[in-house]
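This report covers the overall make-up of one protein model, then its strand pairing, then its aromatic contacts. The sequence and structure come next.

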Amino acid sequence: MNKFIIFSFLCITAIVTMAQSPRQESITPRDIYVSFDYVKHLVFSVQVSDVEVGEKDLISAERVEDAPHIVRLCAQTEDFDRETNVTVVCIDGSVYTYHVKYLEDGLADPEPNIYEDKGRWNHSEYKADVSDMHVTEFFFPADIVYGTQGNEVSFSLQSYNNQLKVSTASNAVESSNLFVIDKNMDTYSIVIKRNETSVFTYNYDDKREYTAHIDVNSEVMDKCLQELRTKKRNIYSVGEVKNKFELSMSNLYVHEDYMFFIFDLKNKSFIDYDIEFVKCFQRDIKKNKNAIQQETTIDPIYTKDFDTKIKGKHGNRLVLGFDKFTIPDNKIFEIELYEKGGGRHMKLAIENKYIIRAEPLFGE
């Protein structure tokens, strides 16, 4: 009887121990292909937190900083015959793993890009002819935040607002691709082929015509800056004070297609403040600490020259010029100021209710 009791106890203990042990799960990898003249992108539903590559001599994989839910994947070696892998971890804990092989010459890639976003953003695929005798222009429905080409030696890109210009080298490869992301996070995958073509302009939204903007080096811009220098502070309710340093918005003006944000910087300590860099974002308003916060970089098109050293007990003024914009009410415009070699990093959030109150620069 005692032996039976002991045996039963051991069985129960073993069952309990097994129940407490986590179950081992393996994630089945997905086979994908890369080639030397094409670039591939992996699109996810949330921001990517980590990317790891098996053999870095064969492929490269990096997060797109202007669209942190997208990974850029490229072949680093031509015609490699080995297989490697890439693993992507997102901020919601989801994990994706891929076996990466080189695409044989003459074969079409069954998946030019990988969309794991479950339809969160719009994706479009096109084909276009280009010529080394002309610059080819592409116009998109919204302003471009990111654009890249498969073969950087054969094709060069320039982007401005919603316009992408593609120049083709005389010895370019016959075929490559473009990948473009607009400010709405919609993506455009375009296969480009060298050809004798009479079409040099492609417009993907007939409802929006491209409108030329004021050149940042123009006389009009100089006139705007001269007018800004005459303005006195008219905003007193948006600011942040931390570690004896103040960052506050003092003015906000609009003129035609430009917006000008003016910030006052005050160093209230005796320790000089050296600015390393300034960054601006559009971010979700974070309602709780566990909420996933999406962000989009908004780059200024003009930064007024100013002294990056703010001496102790002194102040300075920072002028940033942007293409005009507004933001949804559930988002904020945020400027971040980083101290070089220090810890006084400043962050200032500006709600849309302040942006839409921007005053005309010339009193229209």
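## Surface and overall make-up

The protein chain has an accessible surface of about 20500 Å², and carbon and sulfur atoms account for 49% of that. Accessible areas come from the Shrake-Rupley method with a 1.4 Å probe; for residues, only the protein chains shown count as cover. This is a predicted model, in which local features need pLDDT of at least 70 and side-chain atom pairs count only at pLDDT 80 or more, while totals for chains, interfaces and linings use all residues. Residues are numbered from 1 along each chain as its sequence is written, and side-chain values use heavy atoms, with hydrogens and water left out.

Of the 364 residues in the protein chain, 43% are buried; buried means under 20% relative accessible area, exposed over 50%, and partly exposed in between, with a 1.4 Å probe and protein chains only. The protein chain holds three helices and 27 strands. Both are DSSP runs numbered from the N terminus: helices are H or I with at least four residues, strands are E with at least two. Among the contacts in the protein chain with a separation of 6 or more, 65% are between residues 24 or more positions apart, where contact means heavy atoms within 4.5 Å.

## Strand pairing

Two strands pair if DSSP finds at least two bridges between them. An open sheet of four strands has the order 1-7-6-3 and mixed pairing. Strand 1 (30-34) and strand 3 (48-53) are its edges, each pairing on one side only. From one strand to the next the twist averages 30 degrees; axes are lines fitted to C-alpha atoms, for helices over the stretch in contact, and angles run from 0 to 180 degrees between N-to-C directions. Within this sheet, strand 6 (residues 84-90) and strand 7 (residues 95-102) run antiparallel and are joined by six bridges. Thr84 is placed opposite Val100 in strand 7.

Strand 18 (residues 245-255) has ten of its eleven residues buried. Its pairings are listed below.

| Partner of strand 18 | Sense | Bridges | Opposed residues |
|---|---|---|---|
| Strand 17 (residues 239-242) | antiparallel | four | Lys242 and Phe245 |
| Strand 19 (residues 258-267) | antiparallel | ten | Asn251 and Ile262 |
| Strand 27 (residues 359-360) | parallel | two | Val254 and Pro360 |

Strands 17 and 18 form a hairpin with two residues between them, and Asn243 in the turn has a positive phi of about 50 degrees. The hairpin of strand 18 and strand 19 also has two residues between the strands; there Glu256 takes a positive phi near 50 degrees.

## Aromatic pairs and charges over rings

Rings of Phe, Tyr and Trp (its six-membered ring) pair if their centres lie within 6.5 Å; planes under 30 degrees apart count as stacked, over 60 as edge-to-face and the rest as tilted. The count comes to 18 aromatic pairs. One of them, Phe277 with Tyr338, is stacked, at 4.6 Å centre to centre and 25 degrees between the planes. This pair links strand 20 (residues 273-284), which holds Phe277, to strand 25 (residues 331-339), which holds Tyr338, across 61 residues. Phe277 is partly exposed at 29% relative accessible area, and Tyr338 is partly exposed at 25%. The Phe325 and Phe333 pair is tilted, because the ring centres are 5.3 Å apart and the planes stand at 50 degrees. Phe325 and Phe333 are both buried. Ring pairs also join Tyr126, Phe138, Phe140, Tyr188, Tyr202 and Tyr204 into a cluster.

A charge sits over a ring if NZ of Lys or CZ of Arg is within 6 Å of the ring centre and within 35 degrees of the ring normal. Arg283 lies over the face of Phe281 at 4.2 Å from the ring centre, and the charged end of Arg357 sits over the ring of Tyr354, 5.4 Å from its centre.
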